[in-house]
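Thanks for sharing this one. Here are my notes, in numbered points, to read alongside the model.

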Amino acid sequence: MAQPEQANRTGGSEAFRRIAIVVPYLWLLALFLLPFLIVFRISLSEPVLAMPPYAPQFDWSAGWQEFLEALSQLSPANYLWLAEDALYRNAYLSSLRIALISTALTLLIGFPLAYGMARAPERLRPILLMLVILPFWTSFLIRVYAWIGILKPEGLLNQFLMWIGVIGEPLTILNTDTAVYIGIVYSYLPFMVLPIYATLERMDHSLVEAALDLGCTAFGAFWKVTARLALPGIAAGCLLVFIPAVGEFVIPDLLGGTETLMIGRTLWIEFFANRDWPVASAVAILLLLLLVVPIVLFQNAQARAQEKAK
Amino acid sequence: MKSLGNVRRSFAPWADSSARPYIAFENVTKRFDDFTAVDDLTLHVFEREFFSLLGPSGCGKTTLLRMLAGFEEPTAGDIFLDGQPLKNVPPHRRPVNMMFQSYALFPHLTVADNVAFGLKQEGMARGEIAERVGRMLKLVRLEQFASRKPHQLSGGQRQRVALARSIAKRPKLLLLDEPLGALDKKLREQTQFELMDLQEELGLTFMIVTHDQEEAMTMSDRIAVMDAGVVRQVGTPAEIYEAPSSRYVADFIGNVNTFEGRVTAIENGMADMAASDGFAIRTHAGAHGRSGAHAYFAIRPEKIEVTRQRPDQEHNAVEGEVWDIAYLGGLTVFNVKLDSGTIVKATVLNTERGVEDPIGYEERVWLSFTPDCGLLLEN
């Protein structure tokens, strides 16, 4: 007798589950796929002096024939242009290089930080965690601006170094790649520290003792156990730093010099200075493809590893 | 002299004053901030001994083990292993392996790789490693699980991997930290005997930490009963059970009834004690009996006889009312309430099937024992 009622209830929860799945997909469709398609469509257009500054325009009221006509005018010319001009290739390569080096530096600084936090007395950990998250309470832009004040020739850092007598005259740091590295490492450090901390904090310390007990030196135990078990956190942290760093615009614009070539900046110039929306869109699409490939590869590898573990 | 219980094997290097201890804690103290985990402790353990550290949690037994493994350094005092001081010897250079309470299996390695871990550190040849790992897995009956990861195993299987890993390097001393704590009772009992066989087969010295007195009694050659950083008594299981040196030890191992009282006279090695429960006790004076002194008389429940008639003896008999009966199959436990209000526990072995007129609830009974059955204790 209770059966129909129960069937009803599971039916209700089934419907709810479907809605719950559909909502995020709709969200992604509306806010990711649609804009992506629009950008992709612009990237296949030609720049014109008009508003909006690209052609052809689709006139939805003109009918099917007109639409096909407009569609046939789309061409991959902008992509060919990007491939021909060494400026873009160099910008992409230089962005990847800067992002890679900054990610490595962030890992180098972030791992010991996360390790120290995870091994700190339990009552101190929330405070340390708070200190890592605290900078987010101030605007990102303001914090990057603050670095100008620190790094400029008559800035705090130079004044300090000259005061303790390490240098005789101010170092040129601002408007160089070094300043960009400093800016990226500073800004993205929490994204490296938090996932690594999460894996290290969960780790059973007796595993390290077991490794020592079985004949590992302190370094060997660290390498074979601690670092190995922190790998998922390290991978997550590196991706979280590398991906936004490749497309970073604010930091190279404010701290970098005229030679600092980064794709985010190139994109900005194409879009705002040159008002060439089609080329800017093509740059954006290529950047996305460039980043999607390693992410998909990484996720596949991770899924395979998980499958293997089962 | 009467022997105190059976011994597992004729092995008693601790009785030989010329034997050199294999492990020696000499006046070892370990402090954590203001907490003293181990307090000026001296303890000797001999080669091939199965030695248990028994005590409640926080008594310092695990700290002793960790100092042997090298994870903690003593605040004061010295530890010697086979005559060599262990001071400043890092864990990886000690000929000691440990089986961890949490098992501490490497989650990213297979069962075989876990067992092989220590051998690889030694730089053993690959063929030899494979052969040794195979032998170890056979020993703990896990051959068909060699390529599984730890999380794919049951608790009992994980425990056996941990054991295989800790003996793979053939350490001379194996430390076991609550090795059987996570297992259910049946598996635990089975594993206890396996451990004992293994220890004899490999000729290792075992030092095991446990809070389970039954486990310690079953497996050990000797037991050290610890309390608050000090060793209260060291002895064979039978010595600890039959001749505890204090009420603490008597109480920690098995069940015990204690009667408080005053020693009234000592004559020919026998002490007369007036129990505050209102009856006279006569027992061996032992080392603790002093005339006029306040003392305790301890007696195990199985050494008390329960009868309806008043036994024909002047001492060591007291009347009470049956308060509770617990039938446990092999034996029956009587809780008898004396007229003073004290509850005394007595166990009776059920040697026959069925009794014609069993003693029932609220019946008046006599409890009695012989002078040999109990022990006079000072504290």
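1. Let me begin with charge in chain A of this predicted model. Chain A carries 19 positive and 22 negative charges, and the mean positions of the two sets are 11 Å apart. In chain B the counts are 43 positive and 52 negative side chains, with the two centres 9 Å apart.

2. Next, the secondary structure. Chain A is made up of 14 helices and 2 strands. Its radius of gyration is 26 Å, whereas the globule rule gives 19 Å for 310 residues, so chain A is more spread out than a compact globule. The C-alpha trace of chain A covers about 85 × 75 × 35 Å along its principal axes.

3. Chain B has 8 helices and 20 strands. Measuring tape in mind, its C-alpha trace spans about 75 × 50 × 40 Å along the principal axes of chain B.

4. How much of each chain is buried? For chain A, buried residues are 35% of the 310 residues. For chain B, they make up 48% of the 379 residues.

5. You may also like to look at what the surfaces are made of. Chain A exposes about 18,600 Å², and 70% of that area comes from carbon and sulfur atoms. Chain B has an accessible surface of about 18,300 Å², with 48% belonging to carbon and sulfur atoms.

6. A word on contacts along the sequence. In chain A, take the contacts between residues at least 6 apart in sequence: 69% of them join residues at least 24 apart. In chain B, of the contacts with a separation of 6 or more, 66% are between residues 24 or more positions apart.

7. Now to the place where the two chains meet. The size of an interface is often given as the accessible area lost when the parts come together. Here chain A and chain B bury about 1,800 Å² between them, and carbon and sulfur atoms account for 59% of it. Which residues of chain B lose the most area to chain A? They are His92(B), His108(B) and Gln121(B), which together provide 29% of what the chain B side buries. Counted by residues, the interface brings 22 residues of chain B into contact with 18 residues of chain A.

8. If you have the model open, His92(B), His108(B) and Gln121(B) are good residues to display, as they lose the most area in chain B to chain A.

Notes: Residues are numbered from 1 along each chain as its sequence is written. Chains are lettered from A and ligands numbered from 1 in the order in which they are written. This is a predicted model: local features need pLDDT of at least 70, side-chain atom pairs count only at pLDDT 80 or more; totals for chains, interfaces and linings use all residues. Side-chain values use heavy atoms; hydrogens and water are left out. Helices (H or I, at least four residues) and strands (E, at least two) are DSSP runs, numbered from the N terminus. The radius of gyration is taken over C-alpha atoms; the globule rule is 2.2 Å times the number of residues to the power 0.38. Buried means under 20% relative accessible area, exposed over 50%, partly exposed in between (1.4 Å probe, protein chains only). Contact means heavy atoms within 4.5 Å. Accessible areas come from the Shrake-Rupley method with a 1.4 Å probe; for residues, only the protein chains shown count as cover. Lys and Arg count as positive and Asp and Glu as negative; His and the chain ends are not counted. The place of a charge is taken as NZ of Lys, CZ of Arg, CG of Asp or CD of Glu. Buried area is the accessible area (1.4 Å probe) that two parts lose on being put together, summed over both.
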